[in-house]
Amino acid sequence: MEKHQVVIVGSGPAGYTAAIYAARANLKPVLFSGLQPGGQLTITTDVENYPGFPKGILGPEMMDLFRGQAERFGTQVIDDVVTRVDLRERPFLVEWHASSMRAEAVIIATGASAKWLDLPSEKLLSGHGVSACATCDGFFFRGKEIGVVGGGDTAMEEALFLTKMAAKVTVIHRRHDLRASKVMQQRALANPKIAWAWNQEVVEILGDKKIGVTGVTTRDTTTGELRNLLLNGLFIAIGHEPNTQLFRGQLETDPVGYIKIQAGTTKTSVPGVFAAGDAADPSYRQAVTAAGTGCMAAIDAERFLSSGGAH
Ligand code: FAD
Ligand code: NAP
């Protein structure tokens with residue numbers, strides 16, 4: 001069976017950055033790109049907060065540049081999905097649809113996925129007024145009226161952040177009780193720019209790709225009554241899920257499934273396995289932080305290998 005020094009699982013900003021650093025350290029990394037080559041940024045339009053692109057750049061274009069840079073230094077990219085790993089002993093086993101290989105070190109960069117409402121109109125308008133990331137897209141809604149779906153801490157955080165640029169933010173929640181922590185609830189409830197649409201579930205997002213979002217139709221969860229709410233944008237904030245199913249039971253995770261790492265490093269609970277990007281980050285979830293921790297993972301892996309496996 002083929003054996004490699006470093007196998008990287010995932011092709012978002014974390015995976016490609018890890019690949020650039022590992023390749024330049026002569027580790028000849030192999031990278032699996034998975035079901036979404038380029039990662040989450042391939043489903044967005046403009047990225048305006050990644051340093052180095054003062055005019056912004058389209059997400060898919062940026063990820064093509066990441067890939068080109070990783071390949072330029074000799075990364076072997078396999079466009080397939082890793083289906084199983086065995087991390088019990090080194091070299092670790094990595095299986096994919098076509099074959100399997102062994103790796104002295106593994107870098108996990110499988111990202112996280114925002115949960116969506118699963119409405120056809122949501123899919124259609126994603127990147128055209130529908131978003132799941134206020135830090136990324138809030139800026140596009142300066143002076144506008146925005147809706148935020150959800151009643152947990154993420155929704156409160158997104159709503160509070162959006163009040164800094166929006167004229168008005170309406171939190172649309174399917175119950176009349178917030179799930180968010182008391183402190184976040186209090187902050188949001190006290191903010192005069194936040195309005196509340198209680199007991200409402202979004203059944204359709206109105207608008208089209210050209211003009212963007214114009215509003216939503218909601219259904220009252222207590223009476224069934226339908227109503228329209230005029231909005232210029234909608235943020236879905238109903239939680240995220242780390243893509244770490246592959247590693248469950250083999251690595252320590254938090255209760256949601258984010259991989260636990262030693263503070264200030266990318267070291268997981270298994271020596272020789274490193275985690276970078278959103279898969280290990282319930283807090284920041286940005287392209288630049290993913291790239292930063294991807295760099296850290298490659299350096300951690302290189303030091304691990306050159307020290308003969310000291311963790
Ligand atoms: P991801 O980008 O999530 O990539 C994960 C990779 O892992 C994918 O390539 C996937 O195919 C692969 N993978 C998963 N499972 C497997 C497997 N079993 N085998 C092989 N590969 C696998 N951030 C910003 O900083 N600025 C923005 O403007 C911005 N806009 C965004 C807009 C949208 C719509 C979304 C959804 C997110 C946005 N973000 C933005 C957040 C940003 O995209 C993420 O923080 C970042 O992509 C995380 O990078 P990552 O490398 O950790 O993982
Ligand atoms: P969460 O606590 O699971 O809350 C999700 C919210 O979305 C709930 O209010 C839920 O409604 C709603 N929801 C879920 N699916 C929905 C659907 N299909 N349609 C409409 N509404 C839906 O998730 P989270 O807010 O992302 O928080 C996750 C964890 O991260 C929590 O432990 C949280 O404390 C933590 N976190 C903390 C902070 C912070 O402290 N600053 C910030 C963000 C997250 P119901 O209430 O009716 O179930």
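Me: Which residue does a disulfide join to Cys-133?

Reply: In general, a disulfide is a covalent bond between the sulfur atoms of two cysteines. The cut-off used is a pair of cysteine sulfur atoms within 2.5 Å. In this structure, Cys-133 is joined to Cys-136, with an S to S distance of 2.0 Å. The structure is a predicted model, in which local features need pLDDT of at least 70 and side-chain atom pairs count only at pLDDT 80 or more, while totals for chains, interfaces and linings use all residues. Residues are numbered from 1 along each chain as its sequence is written, chains are lettered from A and ligands numbered from 1 in the order in which they are written, and side-chain values use heavy atoms, with hydrogens and water left out.

Me: How many disulfides does a search of the whole structure find, and what is the handedness of the link of Cys-133 and Cys-136?

Reply: The search of the whole structure gives 1 disulfide. The link of Cys-133 and Cys-136 is right-handed, with 65° about the S-S bond.

Me: Is Cys-133 buried or exposed?

Reply: The reading rests on relative accessible area (buried under 20%, exposed over 50%, partly exposed in between, with a 1.4 Å probe and protein chains only). Cys-133 has 16% relative accessibility and therefore counts as buried. Cys-136, at 27%, counts as partly exposed. Another cysteine, Cys-295, is buried because its relative accessible area is 16%.

Me: How many residues surround ligand 1?

Reply: A residue belongs to the surroundings if one of its heavy atoms lies within 4 Å. For ligand 1 there are 32 such residues, and the closest are Ser-11, Ser-33, Gln-36, Gln-40 and Ala-287.

Me: Which backbone atoms lie at polar contact distance from ligand 1?

Reply: A polar contact with a ligand is a pair of N or O atoms within 3.5 Å. Oxygen atoms of ligand 1 have a backbone N or O atom of Asp-278 at 2.8 Å, one of Ala-14 at 2.9 Å and one of Leu-35 at 3.4 Å. On its own, ligand 1 has 1,000 Å² of accessible area, of which the protein covers 94%; such areas come from the Shrake-Rupley method with a 1.4 Å probe.

Me: Which residues are the closest to ligand 2?

Reply: Ligand 2 is surrounded by 13 residues, the closest being Asp-153, Thr-154, Glu-157, Arg-175 and Arg-179. Here side chains make polar contacts: an N or O atom in the side chain of Thr-154 is 2.5 Å from a ligand 2 oxygen atom. For the side chain of Arg-175 the distance is 2.7 Å, and a polar side-chain atom of Arg-179 also lies 2.7 Å from an oxygen atom of ligand 2. Ligand 2 taken alone exposes 910 Å², and the protein buries 64% of that.

Notes
Polar contact = N/O pair within 3.5 Å; in protein donor to acceptor, adjacent residues only side chain to side chain.
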